[in-house]
Amino acid sequence: MLQTKKEKLEYYLNAFYSLGEKLNSQTPHTISLNYNKHKGHIIFACLIHGNETGTLPAILKCIKKLMNKEIHFGGKVSFLLGNIEAAKKGVRYLESDLNRCFGNNYVGKETQERKRALEIMPILKTADVFIDFHQTIMPSLKPFYIFEMNRESYFWARATGGATTLVTRKKGAQFSSAGMCSDEYVRSFQKVGLTLELGEQGFSHEAESLAFEVMKRALKYMDQIYLNNFSIEKLCKKNNDFEFLSITYREPFESPKKRLNEGFCNFHKISKNMVVGSDQLQNPLESPKEGYILFPKYPLRNQDGEAELPLPGEIYVLATPTTEHPLNWQQI
Ligand SMILES: [Zn+2]
């Protein structure tokens, strides 16, 4: 029995590397399988944030089933593990957030994560479809996709399932001013890039089974598109459309004294003027509008109740339903 998180992680990483040794992949911490029946290349990633381990077992399962022919695929598929060093330490990142380190216009420090991004970028450049599995810091009432609106990526997300909610934004509104995310980087080449958030960080059966189903379906659709000229736009109609949300409010985390009330998880519904915490002067912190809370932050605090530094940019954000179908947004 694998008791601790650390033992589990070690077990899955060892399994990954022992399979990888035989396959001699060019990108470190990556396994590629090429069946050469068509040119399509799909990449699945996990551990871009080190402590989001929930989908690693699904990655292993998918590789094994491909290798023993329980899953058939005709193109090239790569499985990429993002931030191994952070994963081993059980943290999100070591020096900087890997998911803000992509792109050629990066202006941040030359951190370990930036070095890893530079290792990963060449293979991401060859992806036709890229699915990045993540998890949230706090529990979530449901899984969700989150990425900038883009026709093809939206069709792929809807086709592969895994979530019925898409948190999206208009093109050009970069997710973070710090640097590019992995999926943004892939979309910058007019390819498909998706981020799927599968519950609270850590190993879980739900994250594992959802990620596995998404990968299985995505591989099937790659074959149907690249071998049989199917259209992803048509394939996606098998599933109901998403509930579309956009982040319309960000509560700044400007003071270490500011805090959220305990117990919020992703998608808790918040009403206007609801007291959600206390501000830097310990006055009630009210929600300015109705919406669903996303990414609530509960950092460690010292004896004086001050949050440990560096503070995240926002203590929470609010997502609200989009007023129109995002396909109607201009320039997508
Ligand atoms: Zn993440």
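Two strands count as paired if DSSP finds at least two bridges between them, and strands themselves are DSSP runs of E with at least two residues, while helices are runs of H or I with at least four, both numbered from the N terminus. With that in hand, on to the model.

Quick housekeeping. This is a predicted model, so local features need pLDDT of at least 70 and side-chain atom pairs count only at pLDDT 80 or more, whereas totals for chains, interfaces and linings use all residues. Residues are numbered from 1 along each chain as its sequence is written, and side-chain values use heavy atoms, with hydrogens and water left out.

Okay, strand S8 (243–252). It runs antiparallel to strand S14 (residues 314–321), and 7 bridges join them. If you want a spot to click on, Tyr249 sits opposite Leu318 in S14. S8 also pairs with strand S6 (residues 165–169), this time in the parallel sense, over 3 bridges. There, Leu166 faces Phe244 in S8.

Follow the chain out of S8 and you land in the loop that leads to strand S9 (259–260), which is where Lys258 is. So, is that lysine buried or exposed? Buried: the relative accessible area of Lys258 is 2%, and the cut-offs are under 20% for buried, over 50% for exposed and partly exposed in between, using a 1.4 Å probe and protein chains only. What does the side chain of Lys258 make a polar contact with? The side chain of Glu254, at 3.0 Å. A polar contact here is a pair of N or O atoms within 3.5 Å; within protein, one must be able to donate a hydrogen and the other to accept it, and residues adjacent in sequence count only if both atoms are side-chain atoms. Leaving aside neighbours within four places in sequence, Lys258 is in contact (heavy atoms within 4.5 Å) with residues including Ser278, Asp279, Arg301 and Ile315.

S9 belongs to an open sheet of 3 strands, ordered S9-S11-S12 with antiparallel pairing. The edges are S9 and strand S12 (284–286), each pairing on one side only. Between S9 and strand S11 (residues 275–278) there are 2 antiparallel bridges, and Arg259 has Ser278 as its bridge partner in S11.

Next stop, Val192, in strand S7. Val192 is buried too, with a relative accessible area of 6%. Its C-alpha is 6.2 Å from that of Glu152, although the two residues are 40 apart along the chain. Beyond four places in sequence, the contacts of Val192 include Glu152, Ser153 and Trp156.

That brings in helix H5 (residues 151–160), which is mostly covered, with 8 of its 10 residues buried. Ser153 and Trp156 are among the buried ones. Just after H5, Gly161 takes a positive phi of about 70 degrees.

Last thing: cavities. On a 1 Å grid over the protein atoms alone, a cavity is a set of points where a 1.4 Å probe fits but cannot get out, and lining residues have an atom within 4 Å of a point. Points are joined across faces, edges and corners, and a volume is the space filled by probe spheres set on them. How many cavities of 30 Å³ or more does that give? Just 1, with a volume of about 40 Å³. Strand S7 (192–200) and helix H7 (205–228) each supply at least two lining residues, and H7 has the largest share, with 3. Among the lining residues are Lys142, Leu198 and Glu206.

How values were computed. On a 1 Å grid over the protein atoms alone, a cavity is a set of points where a 1.4 Å probe fits but cannot get out, and a pocket is an open set with protein on both sides within 12 Å along at least five of seven lines; lining residues have an atom within 4 Å of a point.
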